[in-house]
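Got your viewer open? Let's walk through a couple of spots, one selection at a time.

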Amino acid sequence: MSAVEQQEKSPTLLRRHSLNRRLAAVAVAAAVAATVITPGLASPPSARAGQQAGQSALGDAAYQRPLGVIGSTPCSAHDWQLCAGDTSAPDTVPYALGNPMAQPGLGIPLGGLGAGSFMINQAGTFGPWNMGGSTNSNYEKRILPQAAIHIREQQPGRTATTKTLAVNSSEFGSVLPAWSTLDAGSGTYSALYPFGRIDYADPVPSTSVSTSFWTPIVAGDDESSSQPVAYFEVELTNETSKTTKVSTMFTFPNAPAHVASTVQNTPSPVASVRTGYTSHETVDHRNKITGITLGASSPSNTADSQNSEWTTAVQDEPGQRVTYATSWNADGDGSDIYAPFSATGRLPNGALDGSNSASALAVDMNLKPHQTETVRFVLAWDFPQITFGTAGDTSWMRRYTSFYGGSQDAQNNYIAGSYPGNQGFAIAARNLARVDEAAEAVARWWKPVAFDDTVSPAIRMAALNELGQLSFNGSFWESGLVSSPYKTDVRPGSAVPGTHLFHTVTGGGWADAGETDVQGQMAIALRELFPSTEAAWVRATSEMIAQDPNGRVPGSPGFNPPVGNYIWWQLEAPWLLWEKSTSPAAPEATFFDRPVKYLIRAYGAYSSTGNDALLRDIYPAMLRLWTHDVVPRIPQGDTLPTEAAVFASTYDVMGQSGGVHGVYTSGLYILAAEIMAAATEDAQQLGIAEASLVDVDTLKQTAATARAAYEKAFWTGSYYTFTDAGERSTDVFVDVLWPQHVAEQLGLADVNPPERVAEHLTNTFDQLTQLKDSTGHMLGAPNLVPNGGKPYPVLPNRPRELGFQAAEVWTGTNFEFAGTLIQEGRRLGRPDLVANGNELAEGVVHQIYSPAAPAGGAFAFNTPEGWNGYDPTTYRAAYYARAIAAWDLYASARQ
């Protein structure tokens, strides 16, 4: 491990930087990292004695639904897409209503960051899937009909009962037809990321059954968090006074990495080929692990699938017997594998056919009266390369490969041949052998959040479950560039050995590599939980700024103008092709928040770890960006930035006039000046040459002058206005105080005077949150509300000139707004503000997750960017990255 990796892999606040006096404000993950594990939670939570009816073993914050009871896709009364009966080709315009469509019944994703991922949905089946790369502009709406866990029970003198622990559903499809499945409602599905659990309602007469499933996502631990594994722990209890023979079986197919035609809303033309099937059994006698590996090797395979493997494995305990089938017919009806298992509870320890298309493991035991046993299965996959481009000609090694032999050169390019390949069983065996250790490591950060009774269950549920996007939403985490036609010697991420680039896509139809403006609002989750990924983003983006002809930050490391056959929603070559600027920054240039959000992430990554080497690497880019991408946006003789009429910031289309001062961008300008002053002070103490010519006092004076102008422009005596002139200037804006919120997180000087913060929040909250649903829950705060009036109505066809986004409730923004209310209420001694923040958070979480909400809970695990302030069924951009700001809400609410 390089020195860079060693310093950056630890969660926030394991040490204090001697030069930086601002760390107290971000004292966040020390408690997470240092929490002692309660013995009862040193492994995935299981049902507890005395547990109340309806309460999940995962705690009061867990999402719960009856197994297989799945609602319908919400349909707006407005004329849009499928709800209007349009069954033609999907609408690929990402700002169109309902694109992509929300998918009810989704669940917990399994698989490490950047490893490829799938969900166990609320029917208990395996899917949807998102293995990443150019194919996955969105997830693939498919399940594996051959993948399931099965149970068989037989008491002496009675006929055996066999059940497949899944529900066939219209939303996701069916498992194989020969299998005896469960009825909808015959169990409870619970989820609190990274744990999922199903408690089945009497699938067999005498044995209670539950399955816990999880991946070892561990804050600050790159190795654990990158693993391509999923644990399945089947808990069996004999509820009778007689000994019962019980068996469980795990079946899995030799599945493709991608089925491009199933990509949600926008089928992909990117080819993925996986043929040349193999299968074999391997036993690790020392650790009592038996595994079946299904491989694929053929010259015709695409790089994303060549020499790839699926391995199912089980660790047997005393009294348990393992049997297996190395091959059965995945294209049949499933009767060939069901027959021996149903007859005896065992498998033949060989192949049932020569297809190598599916495998199975079975464990049987005799359960004594009231005895409980747990069978530990693991699914591991070794798909070592992730590819991009319509031809799949840009290829990277996945992050996990570094922990199984893969290595990189000094420029972080993959060293050919260093990864031995065919590591499916090694991955499975390593992770099964250390399952107890992995469970304890997860519990160290997860339990203090999941069971934090100082924070409402709704906030905890959203904070943890939205983190699933980090593994499922087009997750990319690399361990070296393999090949690309766009490879250069100065590619971003190549300057510092040990840099491993990470991104998710923005989602909701935008398949870039993470937009700077959107991701900036959820970056606190990366900074606190996975700091090495945040440091890598900051380093690589700094290198892009250094290479940009005008010293500007890109909109995304993978969002670029058309190149050849490149289509914008399919990533051609992220981190190799990006959107370089074509002109210098100037007043009214678009997206003022992008350079400031880079500064926030850069300074946050440095100050939260005290990593001097990081500041040495990035300060020159910070200064270049301040000089070329921030300061030139201030008109000559002015002290605040002026805005374009559209795309002034991440709040793209709000209906304001052009050429005005905006409260959001002006607040960010003050924050940027404070960041540069603080960073320059530390840079000067470190002797960074570029800082020696910068006058810190001038930067502080810039902030002070801008602060005075800001108050004069926007403060009315009772609240801050949206802009200082023109259309919608007096409107109440939901995100006025986000720059202040971030300043507090970073330990910097206030952007807004505390007394005005309190007054603004007091006088605007009721206006922003006046709309409620039939159950009395808030529908959320729209982006803009006319002062003293009602929220804007929905605007059919979403005309830019009318500012359609003004009428929308943005989920990520509302999470931050609720967090600001709670944070300021505590800071200023205002419990009413704390109560307001909690009520807003409860309302927004209710709209996303509750089956009693207008959308019927269809947004669970695919939270949209936003919905209309009057009607959440009129929504936009399902599964959007900004919602990870739920972690920001939790960070504000915890004590």
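Start by selecting Ala458, Ile459, Met461, Ala462 and Asn465 in α7, then add Asn838, Ala841, Glu842, Val845 and Tyr849 in α19: these two sets meet, contact meaning heavy atoms within 4.5 Å. Colour them by type and you'll get seven nonpolar, two polar and one charged (Ala, Val, Leu, Ile, Met, Phe, Trp, Tyr, Cys and Pro count as nonpolar, Asp, Glu, Lys and Arg as charged, the others, Gly among them, as polar).

A quick word on what you're looking at: this is a predicted model, where local features need pLDDT of at least 70 and side-chain atom pairs pLDDT 80 or more, while totals for chains, interfaces and linings use all residues. Numbering runs from 1 along each chain as its sequence is written, and side-chain values use heavy atoms, leaving out hydrogens and water.

Now show both helices whole, α7 (residues 457–465) and α19 (residues 831–849); helices are DSSP runs of H or I, at least four residues, and strands runs of E, at least two, numbered from the N terminus. Their axes come within 9 Å and cross at roughly 55 degrees (axes are lines fitted to C-alpha atoms, for helices over the stretch in contact, with angles from 0 to 180 degrees between N-to-C directions).

Next, pick the open sheet: three strands, ordered β25-β26-β27, with antiparallel pairing (strands pair if DSSP finds at least two bridges between them). At the edges sit β25 (808–810) and β27 (875–876). Zoom in on Glu808, which stands opposite Asn868 in β26. Last, select α18 (residues 811–827), which packs on the sheet and touches β25 and β26.
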